[in-house]
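This briefing covers pockets, a sheet, a cavity and selected side-chain contacts. Points are grouped by topic.

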Amino acid sequence: MKKIVTVLFIFIAASAFPQKIDDVFKTMPNSILPGLSDGNRTMLLVDTGKTVIPYSLGEIEKLAYAPDFLKIKTSGIGSTQLKLLPLINDTQIICVIRTVCGKACDSNIRFYSIDWKELEAKTLLSHISAASFFDSSKKDSENYKFALSLPDIYPVSAEFENGSNALTLKLDLEGYLSDEQLAEVKPFIKSETITLNWNNISFR
């Protein structure tokens, strides 16, 4: 019941008219991309030939663009994706994914209404833990819990492949763990990727 109420609240909060990614990018809070001026935003959207735009904190590069999707490179190790997701009754919400790649790539996923009020993520996307990628049929194995606890963090990157509504999550352990740790963990990993589909209410 709580989830239904939350979704209904989103419907009320969202605009009744379908938005384009240009509209939400122009009104995006500065906290998401600090230092990006209104002029830079406009240039990034309208300039189809030159995709690299200088701004106060360096350069940003437009990597992918569609009416409901924008992916930009924000630094040598960072990227940001903005995706408009449809809800029932022709309303929408915004999903923002910020990814940083050091030894491994790790993503932060947040959701907003069209007027950029943050929404409760857990009603839209179930918590993704390391166990989500592990083979639960092996959980009684002697080394299962040990393998699961080896890293101090399990980096997971998220990507809207080709700008679609399907969200691909990848467990990124290569380069983060030692060869010995990888040898302990890999036998218990069922799949390094999980694809979740948007059903106009949540990712499943």
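**Pockets, sheet and local contacts**

In this predicted model, strand S6 (105–112) and strand S8 (156–160) each give at least two residues to the lining of the largest pocket. S8 is also among the elements that supply two or more residues to the lining of the second largest pocket. In addition, S8 belongs to an open sheet of 3 strands.

**Largest pocket**

- The space in the largest pocket comes to about 360 Å³.
- This pocket is lined by 18 residues, and those closest to its centre are Ile-109, Leu-125, Ser-126, His-127 and Ile-128.
- S6 provides 4 residues, the largest share of the lining of this pocket.
- By class, the lining of the largest pocket consists of 11 nonpolar, 5 polar and 2 charged residues.

**Second largest pocket**

- The volume of the second largest pocket is about 210 Å³.
- Its lining also numbers 18 residues, with Lys-71, Ser-79, Thr-99, Cys-101 and Glu-159 closest to the centre of the pocket.
- Two or more lining residues come from each of strand S3 (69–73), strand S4 (78–86), strand S5 (92–101), S8 and strand S9 (166–171).
- The lining of the second largest pocket is made up of 5 nonpolar, 8 polar and 5 charged residues.

**The sheet of S8, S9 and S10**

- The 3 strands of this open sheet follow the order S8-S9-S10, and their pairing is antiparallel.
- S8 and strand S10 (193–197) are the edge strands; each has a single partner strand, so one side of each lacks a neighbour in the sheet.
- On average, neighbouring strands of this sheet are turned by 20° against each other, with direction ignored.
- S8 and S9 run antiparallel and are joined by 5 bridges.
- One bridge pairs Phe-160 with Leu-167 in S9.
- The hairpin of S8 and S9 has 5 residues between its strands, and Asn-162 in this hairpin takes a positive phi near 55°.
- Of the 5 residues of S8, 4 are buried, and the strand is mostly covered.

**Cavity**

- The structure contains 1 cavity of 30 Å³ or more.
- About 40 Å³ of space lies in the largest cavity.
- The residues that line the largest cavity are Leu-171, Leu-173, Glu-174, Lys-186, Ile-189 and Glu-192.
- This lining has 3 nonpolar and 3 charged residues, and no polar ones.

**Lys-62**

- Lys-62 sits in strand S2 (residues 58–66).
- Lys-62 counts as buried because its relative accessibility is 11%, and buried means under 20%.
- A polar atom of the Lys-62 side chain lies 2.8 Å from the backbone oxygen of Leu-44.

**Thr-123**

- Thr-123 is located in the loop between strand S7 (118–119) and helix H4 (144–149).
- With 10% relative accessibility, Thr-123 counts as buried.
- A polar atom of the Thr-123 side chain is 2.9 Å from the backbone oxygen of Glu-120.

**Ser-37**

- Ser-37 lies in the loop between helix H2 (21–26) and helix H3 (38–46).
- Ser-37 counts as partly exposed because its relative accessibility is 34%, between the limits of 20% for buried and 50% for exposed.
- The side chains of Ser-37 and Asn-40 are joined by a polar contact of 3.0 Å.
- From C-alpha to C-alpha, Ser-37 and Lys-26 are 9.4 Å apart in space, and they are 11 residues apart in sequence.

Note on methods
Residues are numbered from 1 along each chain as its sequence is written. This is a predicted model: local features need pLDDT of at least 70, side-chain atom pairs count only at pLDDT 80 or more; totals for chains, interfaces and linings use all residues. Side-chain values use heavy atoms; hydrogens and water are left out. On a 1 Å grid over the protein atoms alone, a cavity is a set of points where a 1.4 Å probe fits but cannot get out, and a pocket is an open set with protein on both sides within 12 Å along at least five of seven lines; lining residues have an atom within 4 Å of a point. Grid points are joined across faces, edges and corners, and a volume is the space filled by probe spheres set on the points. Ala, Val, Leu, Ile, Met, Phe, Trp, Tyr, Cys and Pro count as nonpolar, Asp, Glu, Lys and Arg as charged, and the others, Gly among them, as polar. Two strands pair if DSSP finds at least two bridges between them. Axes are lines fitted to C-alpha atoms, for helices over the stretch in contact, and angles run from 0 to 180 degrees between N-to-C directions. Buried means under 20% relative accessible area, exposed over 50%, partly exposed in between (1.4 Å probe, protein chains only). A polar contact is a pair of N or O atoms within 3.5 Å; within protein, one must be able to donate a hydrogen and the other to accept it, and residues adjacent in sequence count only if both atoms are side-chain atoms.
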